[in-house]
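Please read these notes with the sequence and the 3D view open. Each numbered point takes up one topic.

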Amino acid sequence: MNKKLTGFKHVFKFTLIQSLKSKSYIISTCVLCIMALLSMPVTSLISKNESKVESFSFNKVLILDDAACLSNDFTEMLNINEAYKDVEFVADNREMYKIINEVENNGDEKSIFLYLTHDLDTYSFKLEVYYNGNGLVKRADVNVFSNDIETYFKKMLPIFFDVTDEQLEVINAPVLKEVNLFDEDGNVIKDKERIDMTEYYVMLGFLVAVLMIVQIVATTVSSSIVQEKSSKVIEFLLTNVNPFAILSGKIVASLCTVFVEVLAIGISYIGSLAINGLLSDSKEIIPVAVKNAIESGIFKDTNLLGIFIAVITIFLGFIFYGTTSSLAGATVSRIEDMAEGQKMQSIVVVIGAYLGMFYVISLLQGGGSEILKYIAFLLPISSVFILPVFAILGKVTLSLAIVSLVVLVISVIILTQFASNIYAALLYYTGNPMKIKEFIAFSKIHGKAGK
């Protein structure tokens, strides 16, 4: 093993320095960091500009309140937007179709129609806004009004029903849900086969994030190999370094460059949240969605073992996909053919991601399929997308997590050994990008090379 790793340090250092010094890497990282840093403040600024207008294109709101919940005093709307000082709110008790006909047929009129109903079966309220799309009233102003009237209605509804602040706090308090079952011995066991919407969004968000990073790792590794093949640098390396050391050195170096880039973007996004929080009226840095997720108790089963399993799985998963992308890069001899050579790699990544996604969706629908669960957790192409987040949230049994991790370790060892055996021969390949059949035939011939 020591002989195979001879030269690993030199390859790792060479690849890492070349990647970090690359102009394209520096420029892309800086651009992404700037975009991440400005994302939240710019988005909030645009939203504020859209919601705050000096004057509306309408000057009258006809109101039909079938729910009998709105008062005749709309001065509170001025606190939401001062532009409502020029808008007249008029209660109209005519039949609905007559009001709609007036708004629809009088294109020269600057009026809109607000219709409020209350469904007694579901206890839900519905706010409907009508306006003449071919008249003088602008759609953007109607959108602002619809958002503002919803805010106003939610604020006034507790007052209408005489709900105190203390009662409202109890009503809006998060509800923690937990499903338990009894085993054969009568012991209580938490049901980990069900998830709620908050857990679903967290799992889906993690899956998408890992998918993006895997694609970045794959592109980084394969482009590094193709560039060195075209520049003949790899021919010099092969005369001094074992192919296994070249392969592992490049993959680990690529992981480090991607980690630096992702870390820089993550820090920039945190800075964006901080800036946006300081500029907002609430002065809250943590987004409401994140705060609600934490308060919902989603991380109540998180422990150090789960975090450790998650970190190891992510690291091994990136090595797994980094190794497959190195083979894809070795089958390409020109930069312009890299996209063609990565097609099979991309298909495998997408299949793995969709397997994980299908299982998460099945859990949301009331308990996933046992077959799909074992496929998603035991296949190395999909386990990296779901095992880490399931381990962190405590949604996977320890036995299944360990088996999944062992399978991933074995797969990485076998794949790395296989890749190193045919790596040197593939690097001399200078034809068109290999098709899958050609690659399989080539692997059979050169699979024992280097032993």
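1. Which residues does Glu261 touch, not counting residues up to four places away in sequence? They are Tyr25, Ser28, Thr29, Leu32 and Ile216. Glu261 itself is placed in helix 9. Please keep in mind throughout that this is a predicted model.

2. Glu261 deserves a second look. This residue is buried, yet it has no salt bridge. The nearest side chain of opposite charge belongs to Lys250, 16 Å away. A salt bridge needs a side-chain nitrogen of Lys or Arg within 4 Å of a carboxyl oxygen of Asp or Glu, so Lys250, at 16 Å, does not form one with Glu261.

3. For an overview, the chain has 451 residues, and 39% of them count as buried. Its secondary structure consists of 17 helices and six strands. The chain exposes about 25,600 Å², with carbon and sulfur atoms supplying 63% of that area. Take the contacts between residues at least 6 apart in sequence: 78% of them join residues at least 24 apart.

4. Next, the nonpolar cores. In soluble globular proteins, nonpolar side chains tend to be buried together. In this model the largest nonpolar core has 48 residues. The members that touch the most others are Tyr321, Tyr359, Phe377, Phe385, Ile386, Phe390 and Val396. Several elements give two or more residues to this core: helix 7 (197-230), helix 9 (243-279), helix 11 (304-330), helix 13 (343-364), helix 14 (370-378), helix 15 (380-393) and helix 16 (398-427). Another core, of 24 residues, lies apart from it; Ala67, Ile112, Ile149 and Tyr152 are among its members.

5. Is Val349 buried or exposed? Its relative accessibility is 0%, so Val349 counts as buried. The residue is found in helix 13. Leaving aside neighbours within four places in sequence, Val349 is in contact with Leu211, Val214, Gln215, Tyr321 and Phe385. Two of these contacts, Tyr321 and Phe385, are also listed among the residues that touch the most other members of the largest core. The C-alpha atom of Val349 is separated by 9.8 Å from that of Ala218, although the two residues are 131 apart along the chain.

6. Helix 14 can be read one residue at a time. Its residues Leu372, Lys373, Ala376 and Phe377 are buried. Seen down the axis of helix 14, its buried residues fall within an arc of 120°, so they line one face of the helix. Helix 14 also holds a salt bridge partnership, since Glu370 and Lys373 both lie in it, three residues apart, about one turn of the helix. The closest N and O atoms of the Glu370 and Lys373 salt bridge are 3.3 Å apart. The partners differ in cover: Glu370 is partly exposed, with a relative accessible area of 41%, while Lys373 is buried, at 9%.

7. How many salt bridges does the structure hold? There are six. One of them joins Lys395 and Glu199, at 3.5 Å from N to O. Lys395 lies in the loop between helix 15 and helix 16, and Glu199 in helix 7, so the pair ties together parts that are 196 residues apart in sequence. Both Lys395 and Glu199 are buried.

8. Lys154 and Glu150 give a local case. Both lie in helix 5 (residues 139-160), four residues apart, about one turn of the helix. Their salt bridge has its closest N and O atoms 3.2 Å apart. Lys154 counts as exposed, at 57% relative accessibility, and Glu150 as partly exposed, at 36%. Elsewhere, Asp92, Arg94 and Glu102 are linked in a network of salt bridges.

9. Finally, look at Leu38, whose place is in helix 2 (residues 23-51). Leu38 has a relative accessibility of 45% and counts as partly exposed. Its C-alpha atom and that of Tyr269 are separated by 8.2 Å, with their positions 231 residues apart along the chain.

Conventions
Residues are numbered from 1 along each chain as its sequence is written. This is a predicted model: local features need pLDDT of at least 70, side-chain atom pairs count only at pLDDT 80 or more; totals for chains, interfaces and linings use all residues. Side-chain values use heavy atoms; hydrogens and water are left out. A nonpolar core is a set of buried Ala, Val, Leu, Ile, Met, Phe, Trp, Tyr and Cys residues joined through side-chain atoms within 4.5 Å. Buried means under 20% relative accessible area, exposed over 50%, partly exposed in between (1.4 Å probe, protein chains only). Lys and Arg count as positive and Asp and Glu as negative; His and the chain ends are not counted. Contact means heavy atoms within 4.5 Å. Accessible areas come from the Shrake-Rupley method with a 1.4 Å probe; for residues, only the protein chains shown count as cover. The arc is that of the directions from the helix axis to the C-beta atoms.
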